[in-house]
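Here are a few notes to read alongside the structure. Keep it open and turn it around as you go.

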Amino acid sequence: MEILNAEHDNRSSSYKSVHTKLKSAGCTNISSQVHKRVNMLICNKSAVLQCTQRVRKAIKFGVDIINVEWLHQCLETGKRVDYTPFLLTELAATAAARHNNQQDKGGSDKKKDSNDEDIVVDPDAGW
């Protein structure tokens, strides 16, 4: 089974720490990318609300999106618990619809920070 981890959380859920926890729990197929062989996306709620690229791809491929708290619960109990109460798929669909609406409007809902400056690209910058 391939499992994907994404984003951060305040309970030590950076990609690296979750990857380590998954390996210690016996998971052997961990991917940093979403593709059709991924069974689940483990991420936090903020990644879903921000509709990250991984979340959008998980929706596209029909991958279950699960809150990282599920992994913490599994580790605390020492066994694999049912992930149904930790599903974030419906929230992700709502966030994706909102994201698509913003894209259709040209992103006009996004506020420009007063400190933002226009970026001028120097052709001699070297990259």
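The points below go from the overall layout to single residues.

1. First, a reminder: what you have in front of you is a predicted model. The protein's secondary structure adds up to five helices and four strands. Starting at the N terminus, the order of the elements is β-α-β-β-α-α-β-α-α, so try tracing that along the chain.

2. How much of the protein is buried? Of its 127 residues, 32% count as buried. The accessible surface is about 8600 Å², and carbon and sulfur atoms make up 48% of that. Now take the contacts between residues at least 6 apart in sequence: 61% of them join residues at least 24 apart.

3. Next, look inside. In soluble globular proteins, nonpolar side chains tend to be buried together. Here the largest nonpolar core has 13 residues, and Leu22, Ile42 and Trp70 have the most contacts inside it. Helix H1 (15–24), strand S3 (38–43) and helix H4 (69–77) are the elements that each give two or more residues to this core. H4 gives the most, with three residues. Apart from this core lies another one, of 12 residues, including Leu41, Cys43, Ala47 and Ala92.

4. Helix H1 is a good one to look at from its end. Which residues of H1 are buried? They are Ser17, Val18 and Leu22. These three sit on the same side of H1, because they cover an arc of only 135° around the axis. Lys16 and Ser24, on the other side of H1, are exposed. Leu22 is worth a second look, as it is also among the residues with the most contacts inside the largest core. Just after H1 comes Gly26, with a positive phi near 105°.

5. Now for the rings. A pair of aromatic rings is described by the distance of the centres and the angle of the planes. Searching the whole structure turns up one aromatic pair. The partners are Trp70 and Tyr83: their ring centres are 6.3 Å apart and their planes stand at 85°, so this pair is edge-to-face. Planes over 60 degrees apart count that way. The pair links distant parts of the chain, 13 residues apart, with Trp70 in helix H4 and Tyr83 in the loop between H4 and helix H5 (89–104).

6. Finally, compare how covered the two partners are. Trp70 has a relative accessible area of 5%, so Trp70 is buried. Tyr83 comes out at 23%, which makes it partly exposed. The cut-off for buried is under 20%.

Terms used. Residues are numbered from 1 along each chain as its sequence is written. This is a predicted model: local features need pLDDT of at least 70, side-chain atom pairs count only at pLDDT 80 or more; totals for chains, interfaces and linings use all residues. Side-chain values use heavy atoms; hydrogens and water are left out. A nonpolar core is a set of buried Ala, Val, Leu, Ile, Met, Phe, Trp, Tyr and Cys residues joined through side-chain atoms within 4.5 Å. Buried means under 20% relative accessible area, exposed over 50%, partly exposed in between (1.4 Å probe, protein chains only). Contact means heavy atoms within 4.5 Å. Accessible areas come from the Shrake-Rupley method with a 1.4 Å probe; for residues, only the protein chains shown count as cover. The arc is that of the directions from the helix axis to the C-beta atoms. Rings of Phe, Tyr and Trp (its six-membered ring) pair if their centres lie within 6.5 Å; planes under 30 degrees apart count as stacked, over 60 as edge-to-face and the rest as tilted.
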